Amino acid sequence: MDEFGHLSQELQGLEAQQMYRKCVCIESAQGPTVQIDGRRVVLFCSNNYLNLAGHPKIRQAAIEAIEKFGWGSASARLMSGTMTPHVEAERAWAKFFGKPAALFFGSGWSANQSVLTALPQKGDLVLLDRMDHASIIDAVRTSEAQFHTYRRDNLGRVEKYLADPQYRCKYIVTESVFSMDGDTADLKALAELKNKYNAVLIVDEAHAVGCMGSRGTGFAEEAGVLEEVDIVVAPLGKGPACGGAIVAADKVVIEYLINKARPFIFTTAPAPALAAASLAALEIIQNDPLRRSRLKQNADFLRQQFSQLGLNICSSNTHILPVIVGSAEKTVTIARNLLADGFFCTAIRPPTVPAGTERLRISIQCEHMREHLTGLCEALRRHFLHNI
Ligand SMILES: Cc1ncc(COP(=O)(O)O)c(C=O)c1O
């Protein structure tokens with residue numbers, strides 16, 4: 001008997017619909033170019049926006065931490081897993097975000113799970129942007145609070161729910177830079193609403209931390225509302241490219257998470273070298289603002305080139321440029337042809353994005369050279385415009 005026959009069948013169905021996913025192996029360190037199948041290609045689907053993934057200072061910090069503290073933490077944070085690098089990272093990142101306290105997590109997924117399953121409770125309300133990341137949506141679905149989604153072009157719906165007096169505590173949860181659309185939340189308007197209705201504003205800065213704001217704290221800083229954000233969730237795997245995540249907030253929130261958040265309590269602490277690497281990334285973010293300006297220059301250049309080509313890039317105003325194709329089959333074909341020509345961009349399909357908006361998600365790095373960007377435009381002209 002084949003116990004897994006139904007799974008094979010489902011996978012075959014996915015393959016027939018061009019929805020089958022598989023991992024591509026990178027055989028080198030990550031930079032603007034990488035090696036795949038023994039060949040150098042330009043990388044356009046990594047979140048290594050600031051090119052810190054292979055930075056020598058971060059490698060060195062991790063090596064020194066491994067030499068001093070070993071690799072594993074071997075225990076949960078509340079047992080014997082809290083080590084000096086965790087504590088130092090929490091202090092430094094809290095100060096960076098201008099919040100009284102912070103907590104270090106092994107991933108952005110577990111940070112969002114912790115915040116959104118521990119804080120909103122029965123009798124509370126959570127309002128989510130409908131394009132919020134799966135780590136936010138899935139966490140809120142399992143919480144006992146009531147939740148509603150809103151479209152970011154319809155904040156009237158947010159106000160309608162906030163005005164309802166039946167809830168004890170109201171939370172607004174948004175990404176600052178939307179990972180698949182490359183546009184930004186109207187944080188100013190959300191901050192005004194949260195003040196008007198005494199709500200709590202939670203902002204996930206995954207795609208903005210290190211990359212935006214003059215100090216590099218993220219998009220809330222750029223929008224002038226960092227102080228209004230009650231809880232900053234900063235996954236550190238993208239711009240800072242070291243992995244792990246920080247939640248920065250008032251002391252009471254952090255103490256509550258330590259005492260109540262199950263994804264924080266019931267897991268082995270992240271390796272101390274991960275926290276040490278995040279400190280090295282923070283130092284670079286603070287001392288090397290050129291990386292941010294080069295990232296913006298590259299993104300602005302490519303946006304202008306794409307609009308000259310007549311590509312639909314939605315309302316992208318950041319270093320993430322979606323190129324909407326609108327069919328899974330075409331997106332997969334174009335991605336395959338681009339890779340053959342030396343440009344790696346993955347095909348993004350449902351459930352990551354809504355059906356009909358299948359796309360290439362082009363993400364820019366500060367060390368992309370002009371010829372990488374113009375080369376991509378040429379390849380898109382060859383493969384995209386002929387396929388549409
Ligand atoms: C907005 C957002 N939040 C959270 C996460 C999860 O972070 P991590 O990869 O560290 O688990 C991601 C992506 O991975 C993301 O795009």
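This is a short tour of a predicted model, with something to select at each stop.

**Stop 1: the ligand**

Start by selecting the ligand and the 13 residues around it. Ser107, Gly108, Trp109, Ala206 and Pro235 come nearest. If you colour this shell by residue class, you should find four nonpolar, seven polar and two charged residues. Which helix gives the most to the shell? That is α5, residues 108-118, with three residues.

**Stop 2: helix α5**

Stay with α5 and show its surroundings. Is this helix enclosed or open? It is largely enclosed by the rest of the structure, because 10 of its 11 residues are buried. To see them, select Gly108, Ser110, Ala111, Asn112, Gln113, Ser114, Val115, Leu116, Thr117 and Ala118. Gly108 is worth a label, as one of the residues that come nearest to the ligand and one of the buried residues of α5.

**Stop 3: strand β9 and its partners**

Next, select strand β9, residues 245-249. This strand is mostly covered, with five of its five residues buried. Turn on the side chains and look at the two directions: Ala245, Val247 and Ala249 point one way, while Ile246 and Ala248 point the other way.

Now add β3, residues 101-105, which pairs with β9 in the antiparallel sense over five bridges. For a single pair to click on, try Ala101 and its bridge partner in β9, Ala249. Then add β8, residues 231-235, which runs antiparallel to β9 and is joined to β9 by four bridges. Here the pair to pick is Ala234 and Ile246.

**Stop 4: a three-stranded sheet**

Move on to β1, β2 and β11, which form an open sheet in the order β1-β2-β11 with mixed pairing. Which strands stand at the edges? They are β1 and β11 (343-344); each has a single partner strand, so one side of each is left without a neighbour in the sheet. Zoom in on β1 and β2 (residues 39-43), which pair in the antiparallel sense over four bridges. Within that pairing, Val34 stands opposite Val41 of β2.

**Stop 5: Ala269 in its loop**

Select Ala269, in the loop between α11 (262-265) and α12 (272-287). Is Ala269 buried or exposed? It is buried, because 24 other C-beta atoms lie within 10 Å, and 20 or more is the cut-off for that label. Leaving aside residues up to four places away in sequence, Ala269 touches Ser73, Ser75, Ala76, Arg77, Gly81, Thr82 and His86. For a distance to draw in the viewer, connect Ala269 to Ile324: their C-alpha atoms are 40 Å apart in space, with the two positions 55 residues apart in sequence.

**Stop 6: backbone details**

Finish with three spots where the backbone is worth a look.

- Gln18 sits in the loop between α1 (5-16) and β1 (33-36). Its phi is positive, about 60°, although Gln18 is not a glycine. Gln18 is partly exposed, with 16 other C-beta atoms within 10 Å.
- Asn198 is in the loop between α8 (187-196) and β7 (200-204). Phi of Asn198 is also positive, near 55°. Asn198 is exposed, with 9 other C-beta atoms within 10 Å.
- Pro350 and Pro351 are joined by a cis peptide bond, with omega about 5°. You will find Pro351 in the loop between β12 (347-348) and β13 (359-363).

How values were computed
Residues are numbered from 1 along each chain as its sequence is written. This is a predicted model: local features need pLDDT of at least 70, side-chain atom pairs count only at pLDDT 80 or more; totals for chains, interfaces and linings use all residues. A residue is near a molecule or strand if its C-beta atom, placed from the backbone, lies within 6 Å of it. Ala, Val, Leu, Ile, Met, Phe, Trp, Tyr, Cys and Pro count as nonpolar, Asp, Glu, Lys and Arg as charged, and the others, Gly among them, as polar. A residue is buried if 20 or more other C-beta atoms lie within 10 Å of its own, exposed if 12 or fewer, and partly exposed in between; C-beta atoms are placed from the backbone. Two residues are in contact if their C-beta atoms, placed from the backbone, lie within 7 Å. Two strands pair if DSSP finds at least two bridges between them.
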